[in-house]
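Let's take a protein model and ask how its labels are earned. Each answer sets a value against a cut-off.

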Amino acid sequence: MIKFINKHYKNIIFCLVGTFVNALGVNCFLLGANLGDGGTVGISLALKYTLGLSPALTSLIINTLVVFVGWKFLSKTTAIYTVIANTSLSFFLNLTEGINLGIDDFVINSVFGGAVIGIGAGLVISTGSTLGGTSVIAKIINKYTDIKTSQGIFMLDGLVVLSFLLVLPVENVLFTIIMLFVTERATSFIIEGFNPKKAVTIISNKNEGISNKINTFTGRGSTLLTGSGGYSKSERTMLYVVVPQSQVTRIKKLVNKEDEHAFLAIHDVRDVLGSGFININ
């Protein structure tokens, strides 16, 4: 374990910071406004509102059971990260339990609560860990069905949120949904960084000229791929390049100027590693 900590201490620190921020978001914004959440934290909040049980205790119990059941569906590193994240989240939920900002405005609590929780979740997920709960269950469902992990998480979180209709007023549940949307955006922002990247695939008869123009404009190289049309069977070249989102509009104009009949496909990119971006090591 000491060897693991020495090798992964940076990610462990991010896990600890992320779960601390997450716990602050729950105690400072959600509990004060009686808002819900997704995942096991959402279940813990429902138990808090109905039975008065501590979210710190119930989330630890639920996550421990879920990780124990789903251990074999996670890689060893991810499983260890998940245990660290879940344990520290419960600890910080208990540590910050007495912190209450006294804000009773639904809009403020849902927006800022979602942002803070999203930042915390993003820090945890960026390490390769999960916050347990629905993420692990979704992996199990994916193992035995055709349901994708992302779809499973969405469905399970949706069921948790809908369950709040049994314990909270409709208004609270609607603001919970707003909070979850803000959480998702904040999480994506942390994972993708301040300047998310886009992958651009270009099919044109003038790809070599377009490649040179893109290289001059962005300073980044591109890749020419050979393919054949599904209908015409004729060989074509495809240009593939990854650029910052801020340069996408200029790339579109540049391509259109070179070849107005070019075909472009622009994709979201989550992680970009390698020369010119982030070192793999």
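**How the labels are earned**

The chain in this predicted model has 10 helices and 4 strands. Following the sequence, they come in the order α-α-α-α-α-α-α-α-β-α-β-β-α-β. Of the 281 residues in the chain, 42% are buried.

Q: How do you know that the length of helix α5 agrees with its 20 residues?
A: Take 1.5 Å a residue, and the 20 residues of α5, residues 106-125, should span 28 Å. The C-alpha atoms at the two ends are 27 Å apart, so the two values agree.

Q: What does a side-chain oxygen of Asp105 reach at the start of α5?
A: This oxygen comes to within 2.8 Å of the backbone nitrogen of Val107. A polar contact needs the N or O atoms within 3.5 Å, so that distance fits the cut-off.

Q: Why is Asn109 called buried rather than exposed?
A: Buried means under 20% relative accessible area. Asn109 has 0%, so it counts as buried. Asn109 sits in helix α5, where the buried residues also include Phe106, Gly113 and Ile117.

Q: Which backbone oxygens does the side chain of Asn109 reach?
A: One is the backbone oxygen of Ile103, 2.9 Å from a polar atom of the Asn109 side chain. Another is the backbone oxygen of Asp105, at 3.0 Å. The cut-off for a polar contact is 3.5 Å, so both distances fit within it.

Q: What else does Asn109 touch, leaving out residues up to four places away in sequence?
A: Its contacts are Cys28, Phe29, Ala33, Leu35, Ile103, Asp104 and Gly114.

Q: What makes Arg185 and Glu184 a salt bridge?
A: The rule asks for a side-chain nitrogen of Lys or Arg within 4 Å of a carboxyl oxygen of Asp or Glu. In this pair the closest N and O atoms are 2.8 Å apart, so the pair passes the rule. As for the general idea, side chains of opposite charge can pair when their charged atoms come close.

Q: How many salt bridges does the rule give?
A: The count comes to 2. Besides Arg185 with Glu184, there's Lys213 with Glu258, where the closest N and O atoms are 2.6 Å apart. That second pair links distant parts of the chain: Lys213 is in helix α9 (residues 207-218) and Glu258 is in helix α10 (residues 248-258), 45 residues apart.

Q: Why are Lys213 and Glu258 called partly exposed?
A: Partly exposed covers what lies between buried, under 20%, and exposed, over 50%. Lys213 has 40% relative accessibility, so it lands in between. Glu258 has 23%, so it gets that label too. Over at the other salt bridge, Arg185 is partly exposed with 45%, and Glu184 is partly exposed with 38%.

Q: Which residues form the nonpolar patch on the surface?
A: They are Leu159, Leu162, Leu165, Val170, Leu174 and Ile177, with about 580 Å² of accessible area together. Helices α7 (149-163) and α8 (170-192) each give two or more residues, and α8 gives the most, with 3.

Q: How do you know that Ile177 has enough accessible area for the patch?
A: A patch residue needs over 30% relative accessible area. Ile177, in helix α8, has 44%, so it clears that cut-off and counts as partly exposed.

Conventions: Residues are numbered from 1 along each chain as its sequence is written. This is a predicted model: local features need pLDDT of at least 70, side-chain atom pairs count only at pLDDT 80 or more; totals for chains, interfaces and linings use all residues. Side-chain values use heavy atoms; hydrogens and water are left out. The expected span of a helix is 1.5 Å times one less than its number of residues. Buried means under 20% relative accessible area, exposed over 50%, partly exposed in between (1.4 Å probe, protein chains only). A polar contact is a pair of N or O atoms within 3.5 Å; within protein, one must be able to donate a hydrogen and the other to accept it, and residues adjacent in sequence count only if both atoms are side-chain atoms. Contact means heavy atoms within 4.5 Å. Patches are made of residues with over 30% relative accessible area and no salt bridge: like charges are joined within 9 Å, nonpolar side chains (Val, Leu, Ile, Met, Phe, Trp, Tyr) within 5 Å. Accessible areas come from the Shrake-Rupley method with a 1.4 Å probe; for residues, only the protein chains shown count as cover.
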